[in-house]
Amino acid sequence: MKQLSPIWKKILIIAYVALSLGGFAAILIIPASREVFKVLSTSHPYLMGFVKFAVLATAGELLAVRLAKGEWALPSYVWARFLIWGVIGVWITYMMKIFGAGVDALMAQGLLPSAQNALLNSFIKAFFISATMNLSFGPTFMALHKCSDTYLDIRATGKRKISIATVIHKVDWEKFASFTLLKTVPLFWIPAHTVTFMLPAEYQVAMAAALSVALGIILNFKRKKKS
């Protein structure tokens, strides 16, 4: 895309964001395409997890850049970020199944509370899956993703030999702990993923990807309001 003029870059970025978000919305709204989506999500969960996160979360990053800079632009190494989001989608698909099955087993054994009412029981199960995942797997995932983003940001400055120590020292771990872990996890991710885990299984990964987009937009509005 370096050979394209700025106006064409802007047009392509806007088109990607519009088609990604609008396309996913249309797929879920139209009954025929929704059924295909459900079948593919059930029969090919990892592939669909890759596609959902790679497409939606990358669109979220492009929106975040637009909100932060006030113009449409590509983040550094956008294709690497696209692939990283895809791998994250596979990883999250895998972990959602593990935590869901684990909470199911503990509830069946009476080691976690349950309820006779179906809706209440669904909420209790969703809450425990969300809380367990976000308090154990969540911090590890967030820290690794923070490091991968930091590595790409450093590489974009022209530096090629980048050690793990360089990346670790570049990350603001105090902000990561005080804001990301102590604020976004209990106030956003646990409640949001509780709602996610109350949805049918075939929609959960797509919802998780959409939440990443939503949080990025919320945080950028917050930054702009402060500034």
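The expected span of a helix is 1.5 Å times one less than its number of residues. This yardstick is applied below to several helices of the structure, which is a predicted model.

Helix 3 offers the opening case. Its 25 residues should span 36 Å at 1.5 Å a residue, and because the end C-alpha atoms lie 35 Å apart, the expectation and the model agree. Helix 3 is followed by Gly-70, which has a positive phi near 80°.

Two other helices pack against helix 3. Helix 1, formed by residues 6-29, meets helix 3 at an angle of about 130°, and the two axes are 9 Å apart. Helix 1 is therefore oblique to helix 3, since an angle between 115 and 145 degrees falls outside the parallel, antiparallel and perpendicular classes. The crossing of helix 1 past helix 3 is left-handed.

On the side of helix 4, the axes of helix 3 and helix 4 come within 7 Å and cross at roughly 135°. This pair is therefore oblique as well. The contact of helix 3 with helix 4 is made up of 16 nonpolar, 5 polar and 2 charged residues. Here helix 3 passes helix 4 in a right-handed crossing.

The loop between helix 3, residues 45-69, and helix 4 contains Tyr-77. Most residues other than glycine have a negative phi. Tyr-77, however, has a positive phi of about 50° although it is not a glycine. With a relative accessibility of 33%, Tyr-77 counts as partly exposed, because that class lies between the limits of 20% for buried and 50% for exposed.

Helix 4 runs from residue 78 to residue 108, and its 31 residues should span 45 Å at 1.5 Å a residue; the end C-alpha atoms are 44 Å apart, so the two values agree. Just after helix 4 comes Gly-110, which takes a positive phi of about 80°.

Helix 4 also packs against helix 5, which covers residues 118-156; the angle is about 155° and the axes are 9 Å apart. Helix 4 is therefore roughly antiparallel to helix 5, because angles over 145 degrees count as such. Sorted by class, the residues of this contact are 19 nonpolar, 6 polar and 5 charged. The crossing of helix 4 and helix 5 is right-handed.

Helix 7, residues 173-196, departs from its expected span. A straight helix of 24 residues would span 34 Å at 1.5 Å a residue, whereas helix 7 spans only 28 Å between its end C-alpha atoms. Within helix 7 there is a kink of about 60° at Val-185, shortly before the proline Pro-186.

Pro-186 itself belongs to helix 7. Its relative accessible area is 37%, which means that Pro-186 is partly exposed. Between Pro-186 and Lys-146 there are 19 Å in space, C-alpha to C-alpha, and the two are 40 residues apart in sequence.

Several residues of helix 7 are buried, among them Val-185, where the kink lies, as well as Thr-184, Phe-188, Trp-189 and Ile-190. Further along helix 7, the buried residues include Ala-192, His-193, Thr-194 and Thr-196. Phe-176 is also one of the buried residues of helix 7.

Methods
Residues are numbered from 1 along each chain as its sequence is written. This is a predicted model: local features need pLDDT of at least 70, side-chain atom pairs count only at pLDDT 80 or more; totals for chains, interfaces and linings use all residues. Side-chain values use heavy atoms; hydrogens and water are left out. Helices (H or I, at least four residues) and strands (E, at least two) are DSSP runs, numbered from the N terminus. The bend at a residue is the angle between axes fitted to the seven residues ending there and the seven starting there. Buried means under 20% relative accessible area, exposed over 50%, partly exposed in between (1.4 Å probe, protein chains only). Axes are lines fitted to C-alpha atoms, for helices over the stretch in contact, and angles run from 0 to 180 degrees between N-to-C directions. Angles under 35 degrees count as roughly parallel, over 145 as roughly antiparallel, 65 to 115 as roughly perpendicular and the rest as oblique. A crossing is left-handed if the near helix is turned anticlockwise from the far one by less than a right angle, and right-handed if clockwise. Ala, Val, Leu, Ile, Met, Phe, Trp, Tyr, Cys and Pro count as nonpolar, Asp, Glu, Lys and Arg as charged, and the others, Gly among them, as polar.
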